[in-house]
Every structure is written in C-alpha cells, then in structure tokens.
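Visitor: I have a structure here that I have not looked at before. Can you take me through it?
Guide: Yes. Put it up and ask as you go.

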Amino acid sequence: MIGLLPDRLYRDRRIAWAAFGVLAVLLIALPFLVEAGLGRTWVRILDFAMLYVMLALGLNIVVGFAGLLDLGYVAFYAVGAYFYAILASPQFGLHLPFWVLLPMGAGIACLFGVLLGAPTLRLRGDYLAIVTLGFGEIIRIFLNNLNAPVNVTNGPQGINMIDPVRLGGHALTRPIELFGVQISGPHAHYYLFLGLTLLVIFAAIRLQHSRIGRAWAAIREDEVAAEAMGIHTRNVKLLAFAMGATFGGLGGGLFAAFQGFVSPESFTLMESIMILCMVVLGGMGHIPGVILGAVLLTMLPEALRYVGPLQQELIGRVAVDPADLRMLLFGVALVLVMLFRPQGLWPSPVRARELHPDNPDQVRQEQESLYDAER
Amino acid sequence: MDVLLQQLINGLILGSLYALVALGYTMVYGILELINFAHGEIVMVGAMVSVSVLVALTAAGVPVALALPLALAAAVVVCVVTGVLVERVAYRPLRNAPRLAPLITAIGVSIVLQNLAMIFWGRQYLSFPPVIEVQVYAVLGATVSNIQILILVVAALTMGGLLLLVNRTRLGRAMRATAQNREVAGLMGVDVNRVIAATFIVGSALAAVAGLLIASYYGIAHYNMGFILGLKAFSAAVLGGIGNIPGALLGGLLLGVIESLGAGYIGDLTGGFLGSHYQDIFAFLILILVLTFRPSGLLGERVADRA
C-alpha cells in the first residue's frame, strides 16, 4: 500500500506495520461489513470495483504513464473476455481450465496491442486517440457479426453459461464453508479479485519506478527530448501499449468468468470512456488516485439508483431516469475536471506541482525536503 | 439494373453528406488543431430539431414549401447556439492547455449533448415526416429519387457557399490567416477569438444543414446517430487531408463511394464470409490505413507529426 499514506509515516516502522495490519484486516472484513450494511448486491458491486481498479490501472500505464490517449481500451478487455468465453463454454463444447486461459487471454490481448500499436504509435497524440477508437469499434462490429457463416461469437446474443473460476476443483460461484464462515460466490470472487488487484498494483508501482517507467514519463513530458536522451521512443511506447493491453485482457478473462455471460454490449465505446474517466478523474499517472477514481465511478451509478425515489419525493414524479443520468454526469464530470482540476482528484505530488507551481503548500513541502537533503 | 452504377450514385449521395459534416471537423482542426469530437452531436441536434419542427409545422397545416425552410432555420439557430456555447465553455479556457485536455473535454461535451438529447427527445426514433412525395427517376439503368437529387443540390450549394466565404471574404481571409499562425494573425489585427467563434458558427450551421439532409436521407433521427456519423466524417476529413477544405470534400465523397461499393461487394470478395453489415468498418480501416501510410491525407501538405 505504498503511496496511500504520507511518506513521513513510513519512516517509523512500527506505525507503518500497524497501518498495514489495520488496512489488511479492513480489506479482509470489507465484504462482510458491506453485506451487513448494504446487502449482498453491494458485494457484487465491490467485485466490479476491484475489476475496474485493475482495468483503470492498465489504462493508466498507457494514458497516465506514457501519455498516449487510448480510446479503444475496451477492445483488449473484449479480446480477453471473448477468448475465455469461447474456450470455456458450451459455445464449442470446450471447457479448458481457467488458470490456463487467463494468462493466455492476457497474452492474446497483448498481441493485439502490439498489432495495433506498431503502425499507429508514430502518430501524434490526438490521431492515436481516434485510431484506437476506430479499432475498438472494429472489434465490436466483428463480435456483433461473427455468428455467420461460422458461429464464433454468437453475435449480439453473446455467449452464455461460461465456466466459473475453479480453485482446486471448487467452482467459485458456489457457496463454501471455511473455518465455520459461510463464504458466498461474490465474497469468494472478492478475495480472488483483491489478490489479483494487489498483484496489479504491485506490478504498476514497480513499473512506474523502473527504468521503463522513467522512460515513459520522459516521453510523456517531451517526446523529442526523450528521444534525444537515447530513449527508443517507438519501442518504449509500444511496450506501454502492450502492457496496458495485457492488463485489459486479464480483466476481460476475469469479467467473463465472474459474469458467466459476455455480449458485445459490454464492450461499447462508453465503457472505454468510463475507464478513461476513472483514470482522468482520479489523477492521471498517480496509482492511488486511479484506484480512487475507479472505486468512485463504479459506486456512483449504483448510488444514482437512489436518485429516482428522491425525485419522486421532491417533485412528485420521476422526471429523469437515473440510468440516463449516469452518462450525463460522466460527461459533465469529464468537462469540469479538465477545466477546474486537470490534475485529478488525487494527483501525484509531482503532477500537482507542475500544474500549480504557485501552490504555497507544495512550495513549503519542497523547501522542507530540500532542507532535509541539505542536512 | 446496373448494380455498379447504382452503388456509385448511392455512394455519391452518402459521400456528399459525409463531406458536409467533414467540413466542420476540418475547419475547426485547421484553426485550433483540435478534433472537435462534439461536431457529430451537433449534426444530431440539427437532425432532431429539424425533424421535430417539421413534424410540428406540418401537423399545424403549414405548407411544405414554408415548413422546410423554417425547420432548417430552427436547426441552424439551435446548432449555432450549441456550437458557440461548446466552444466558449469547453474549448476556449483550454486553448493553451496540454493537447489531451481539450480532446477529453470534447468527449465529455459529446456525451453530455447525446444524453441531453436522449432525456429531451426520448429513446425512440423520430421519423422524418413524408412531406416530399418520393419520385424515382431511371438513369442509365440505375435509379435516383428526387430526395437524393435534392440532397446533392443542397449539399453542393452549401459547399460552394463555404468555399466562397473562405476564399473571397474578409472573414475567410482572417480564418486562413488564423489557421496558418494564430499569434501572427493576432498581431496583424485579426480578432482571433472572433474568428474562432465565427468558425464554430459556420461549422455548426453546416452541421444543421447536414442534420436535416441526413434525417431526410435515412428517414429517421435518433439521439445516438451523431457519434458514428461524426467518426466517419472525421475519417473522411483525415482521408482528404485534415485542415484542408477541398480535401474534406474529396474525402467525404470518396468515403461514401468506398462504403457503398464495399458494402455491395464485400460478400463476393470474401466468398460470403463477411456480409454487408460490415459496412461500418470501412471508415475505420481507411482511417487506420491513411494515418499509417499517408498521415497528411490525399490533399494535405502538412506533416502530421508536429508533436
């Protein structure tokens, strides 16, 4: 959980360990607390929040770290999901094991990323955005129509009855009793997703601070200067693209197994834009911010459910369907964030300083750390 | 009936519609280097407004010869107001921000417009009232309807007017100067903000015309018609060379022809593997191919990679 707390706390080992312990207990207890407080549906929402955290962190590598705007991210998500769905469902009567297919699906998504990235990454940022958007649409059109003459994707109906995740012969969708505690399907998925999310967070942090991560930041800030410093910009950008696509494919496989059903409707452009919103709203390039953005935006539509009854109470009728309100609010949020807080809700200290160099708080912090360094 | 000729005619009609929309993209891009994502939605607003007004007027017994221009005028007014508002609120404050910022607000605006339209007009399709009696003429073994001819004529007149505006008037000269170099144009006494606003006004008016024509072409208007249309028109603009007005015309017409020929022959070409419902992928394939092999487009001289 590096980066979630102020640096100063880490200097004291005991506080760090205590905080870590509290956080761990909290994360383990969370689904039970949520179920008790809000009901079983919210545990499922929690699962989706984890899934979106993974996806948003994947997109963050492309958009936040390397500064490449990818508007077709959902294509890789779709590739991962359909790869698993086709090979582990009655569609072709194939039931290959989840743990084999998941990394393979991520690999295939990575391959697609390279295939798309190789010719297009020479382009300037906004062209790249459009090309990725077009690619996302192409993938969706194919998913929608590849039911004839050979039925591969089952067209708009989608693929149903996809095999659930199996852990040691036990299907995760079925409830199980462990240490006297009843663990239901959504709970079990929560722990699986939590584990994988932690892995993804770890990978993202390591990547950010690696040589490659620094190269990405350099390209993001100034591509020409980065090239002059000896960075092979095309390859490094391609790596960011492929890495993001891999995470997307991973998320897709998990989604297919968790949901048990995939259809092209889950992979529209709006989905790409929603994931982008998570990254932008949270704070591009800042891992805790992106996690916050993903969790917030997964919860928001669910919270909007209460808008309907609220309207009923205030003006006597449901004037605007809450479901319709969701995308509208996303759009408004995108515009407002870009206008008033381009660094996001929880930006990285470096980014925030770049965008607001006259913020007295940060200037003070900077001076403090300089003072530390001098000592 | 001659299938090839028929597809060519259909392609030209469709292409002239794409070209009208593409002009809006290309004008804004030429001046601001911004992909005005919301342009497709402005076309949608134009279509929705013109259809609603037309339905209301014909129901009130207003003759068609009066109702059509009134509907167009209403659409132009609403689109221009929307376009200027969008520029003012979402683009102008970010004119000197990093490139991705206005692009993201443009996406946001596009979502907002789409959802507002959905809340306002509902999810159902609005159908274009049958105000013009369809007549079909035979031309060399193919058929053309009077509506198609009308679309072609209106589109051609509009584009001709635009070319005159850009090449022959003071405002047009100011636009071209601003497109070449905004700072220097400002130093030469061009009011850059006014020129940019004027560009959005002209682009949105074109979008309104396009919206009416597209609604009459397909016979329907729908709140999410703008997005894919906008993408295709953008592809057309890129194909012709973005920022280049004749390029947008050429790109639009070419894209229309390619799409309609492609949709007509894709089944034969792939041995029946891919059918005509893949029509929509042509625009994107062209986009990717053009950007990969000739990013400056057919008529563009600029190098795309200006970072």
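Visitor: How many residues does helix H7 of chain A have, and how far does H7(A) reach?
Guide: H7(A) covers residues 185–208, so labelled because helices (H or I, at least four residues) and strands (E, at least two) are DSSP runs, numbered from the N terminus. It has 24 residues and reaches 34 Å from its first C-alpha to its last. That is close to the 34 Å expected at 1.5 Å a residue, where the expected span is 1.5 Å times one less than the number of residues.

Visitor: What kind of model is this, and how do the labels work?
Guide: This is a predicted model, in which local features need pLDDT of at least 70, side-chain atom pairs count only at pLDDT 80 or more, and totals for chains, interfaces and linings use all residues. Residues are numbered from 1 along each chain as its sequence is written, and chains are lettered from A and ligands numbered from 1 in the order in which they are written.

Visitor: Back to H7(A). Which of its residues are buried?
Guide: Among them are Gly185(A), Pro186(A), His187(A), Phe193(A), Val200(A), Ile201(A) and Gln208(A). A residue is buried if 20 or more other C-beta atoms lie within 10 Å of its own, exposed if 12 or fewer, and partly exposed in between, with C-beta atoms placed from the backbone.

Visitor: And what about chain A as a whole?
Guide: Chain A has 16 helices and six strands. Of its 375 residues, 45% count as buried.

Visitor: Where is Ile61(A)?
Guide: Ile61(A) is in helix H3 of chain A. It counts as buried because it has 20 or more C-beta neighbours inside 10 Å, namely 30.

Visitor: Which residues is Ile61(A) in contact with?
Guide: Leaving aside neighbours within four places in sequence, Ile61(A) is in contact with Ala66(A), Ala204(A), Leu207(A), Ala240(A), Met243(A) and Gly244(A). Two residues are in contact if their C-beta atoms, placed from the backbone, lie within 7 Å. Ile61(A) and Leu207(A) are 146 residues apart in sequence, with their C-alpha atoms 8.7 Å apart in space.

Visitor: At what angle do H3(A) and H11(A) cross?
Guide: The axes of H3(A), residues 40–65, and H11(A), residues 269–282, cross at roughly 75° and come within 9 Å. Axes are lines fitted to C-alpha atoms, for helices over the stretch in contact, and angles run from 0 to 180 degrees between N-to-C directions. H3(A) is therefore roughly perpendicular to H11(A). Angles under 35 degrees count as roughly parallel, over 145 as roughly antiparallel, 65 to 115 as roughly perpendicular and the rest as oblique.

Visitor: Which residues meet there?
Guide: On the H3(A) side they include Tyr52(A), Leu55(A) and Leu59(A), and on the H11(A) side Ile275(A), Leu276(A), Met278(A) and Val279(A). By class, the contact of H3(A) with H11(A) has nine nonpolar, two polar and no charged residues. Ala, Val, Leu, Ile, Met, Phe, Trp, Tyr, Cys and Pro count as nonpolar, Asp, Glu, Lys and Arg as charged, and the others, Gly among them, as polar.

Visitor: Is Asn154(A) buried or exposed?
Guide: Asn154(A) is buried, with 20 C-beta neighbours inside 10 Å. It lies in the loop between helix H6 (125–145) and strand S3 (166–167) of chain A. Its phi is near 65°, a positive value in a residue other than glycine.

Visitor: And Met161(A), buried or exposed?
Guide: Met161(A) is exposed, with 12 other C-beta atoms within 10 Å. Its place is also in the loop between H6 and S3 of chain A, and its phi is positive, about 50°, although it is not a glycine.

Visitor: Now chain B. How many residues does it give to the contact with chain A?
Guide: The contact takes 38 residues from chain B and 34 residues from chain A. On the chain B side, H4(B) gives the most, with 14 residues. That side divides into 28 nonpolar, six polar and four charged residues.

Visitor: How do strands S2 and S3 of chain B pair?
Guide: S2(B), residues 136–139, and S3(B), residues 142–145, pair in the antiparallel sense over four bridges. Two strands pair if DSSP finds at least two bridges between them. Val136(B) stands opposite Ser145(B), and Ala138(B) has Thr143(B) as its bridge partner. The two strands form a hairpin with two residues between them, and Leu140(B) in the turn has a positive phi of about 50°.
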